[in-house]
Amino acid sequence: RHKKPTQLDYIVDLGTLQHLTVSPAKRGNTRAVSLLWKYMDLIRTSLETEEYVTSSSTSSSSSIDSSSSCITSTYYKPTEAIYENAAEAFSSSTKQGEDEMVFRIFAEMERDGMKPSRAFLNRVSESMRTRSSVKRLNKAMYILRSSYNDGWSSSSHTYPTASGGDGGGDTSAAAAALKPTTSSLNCVLAGYADLGYLDKAFRTFDEYRQLGCEPDEQTFGILMDACAMNVITAIPPNVQNPSENVDGNDNANGNRMDDFTCSWIESQVEIADAILETAKEMGFVCDHHFVHTYVNILCTVDELDKAMRYVEETLDEGRKVSQETFGLIAIGYARKGDMETVNYVFNMTKKAGYKNGLLRLFMERIERLKG
């Protein structure tokens, strides 16, 4: 029904379209996102066959040189923010079948050379796990497995179509390609991890290469977060220094750590070590968040010396260690009454570039432990 114009006097710029997708993303309004995406697709389709001079250029010019103000289909493609807003809208929707569109968008981002940030993946996985929780995540994995086993189609220009939007769930050649991507699997992996399904998280990790994907540094960060949550939430808060109770001795609070729990804790540390070593073997450089999470696990199970060695190795490699990480180790030694090592950690913090040493919060806790 649309009559192709001979010249476009005005094309809505991508910055405006990006702004227009913000509100639908927050509300889960997939219909609005679909309409905006179709507008972009319409323009890109037209621009692929002919370059249209904008109103800022001379309309009487018979030819366009390289300095002319013109828009091409290469220029007029979704920005990273538009992709993210669209994915967030579909993941926030309560309608069935919208997760497939999220994965299509991830595939398009990968095709355009974009990589979703860790924070964005966490937002999407949070939306997925809070709506039907693990059942939705299981279905998401089924979608990814099916798309790989059945093959996938691709198109030169695509738009997502909501099941309730204009088009009624279009699956024609104009629909975005659906295939497993590392970002899609990371999204599901984070959902399982945050829900505490560590076994499902590791089974998902085992399927990456089976589905034609390779894990990245975000994958290992998610796995380490899952391991940390498992350890921290499993150890009773009134039980301190679990490693001192391996022989069944009572700790300072009179609590006893049974042999099964001690064995389980050791197995979790082994899992964390395996995640770290695998990431290193694959050539990934662990960021300060990954370092903090690993140290948090070691401090929780009273492996303070091991945590200290790891931090020293990290600093020797010229990588960043956060103040909070130093604080965890210092608090651990303060609980043992080893103030000499606490002072060593304080000086190490200053050498790492934090001129004030440990954060005030940690210093106050250490002073209380001294008393």
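**Quizzing the fold**

Me: What does Lys179 count as at 23% relative accessibility?
Reply: Let's get the cut-offs straight: buried means under 20% relative accessible area, exposed means over 50%, and partly exposed is in between, using a 1.4 Å probe and protein chains only. Lys179 has 23%, so it counts as partly exposed.

Me: What kind of model is this?
Reply: Residues are numbered from 1 along each chain as its sequence is written, and side-chain values use heavy atoms, leaving out hydrogens and water. Local features need pLDDT of at least 70 and side-chain atom pairs count only at pLDDT 80 or more, while totals for chains, interfaces and linings use all residues, and that's how things are handled here in a predicted model.

Me: How many helices and strands are in the protein?
Reply: Both are DSSP runs numbered from the N terminus: helices are H or I with at least four residues, and strands are E with at least two. Going by that, the protein has 16 helices and 2 strands.

Me: What share of the 371 residues is buried?
Reply: The outside first: the accessible surface comes to about 18,700 Å², with 48% of that belonging to carbon and sulfur atoms. Those areas come from the Shrake-Rupley method with a 1.4 Å probe, and for residues only the protein chains shown count as cover. As for the 371 residues, the buried share is 47%.

Me: Among contacts between residues at least 6 apart in sequence, what share joins residues at least 24 apart?
Reply: A contact means heavy atoms within 4.5 Å. Of the contacts between residues at least 6 apart, the share joining residues at least 24 apart is 71%.

Me: Which residue does Glu110 meet in a salt bridge?
Reply: Side chains of opposite charge can pair when their charged atoms come close. The rule used here asks for a side-chain nitrogen of Lys or Arg within 4 Å of a carboxyl oxygen of Asp or Glu. Glu110 is partly exposed at 39%, and at 3.7 Å, N to O, its partner is Lys179.

Me: How many residues apart are Glu110 and Lys179?
Reply: This salt bridge links distant parts of the chain. Glu110 is in helix H5 (residues 98–111), and Lys179 is in the loop between helix H7 (133–150) and helix H8 (182–194), so along the sequence they sit apart by 69 residues.

Me: Why are Arg203 and Asp199 separated by about one helical turn?
Reply: Their side chains meet in a salt bridge at 3.9 Å, N to O. Arg203 is partly exposed at 46%, and Asp199 is partly exposed too, at 44%. The turn's worth of separation arises because, within helix H9 (residues 198–206), their spacing is 4 residues.

Me: Which residue forms a salt bridge with Glu214?
Reply: Glu214 counts as partly exposed at 44%. Its partner is exposed, with a relative accessible area of 56%. The closest N and O atoms are 3.1 Å apart, and that partner is Arg209.

Me: Where is Tyr333 found?
Reply: Tyr333 is buried at 5%. Leaving aside neighbours within four places in sequence, Tyr333 is in contact with residues including Leu304, Asp305 and Met308. Tyr333 and Ile366 are 33 residues apart in sequence, but 9.3 Å apart in space, C-alpha to C-alpha. The place of Tyr333 is helix H14 (residues 323–336).

Me: Which helix does Asp305 lie in?
Reply: Asp305 is partly exposed at 48% and gathers with Glu266, Glu270 and Glu303 in a patch of negative charge on the surface. Patch residues have over 30% relative accessible area and no salt bridge, with like charges joined within 9 Å and nonpolar side chains (Val, Leu, Ile, Met, Phe, Trp, Tyr) within 5 Å. Lys and Arg count as positive and Asp and Glu as negative, with His and chain ends not counted, and each charge is placed at NZ of Lys, CZ of Arg, CG of Asp or CD of Glu. Asp305 lies in helix H13.

Me: What value is phi of Asp302 near?
Reply: Most residues other than glycine have a negative phi. Asp302 sits in the loop between helix H12 (288–300) and H13, and counts as buried at 10%. Its phi is positive, near 70 degrees.
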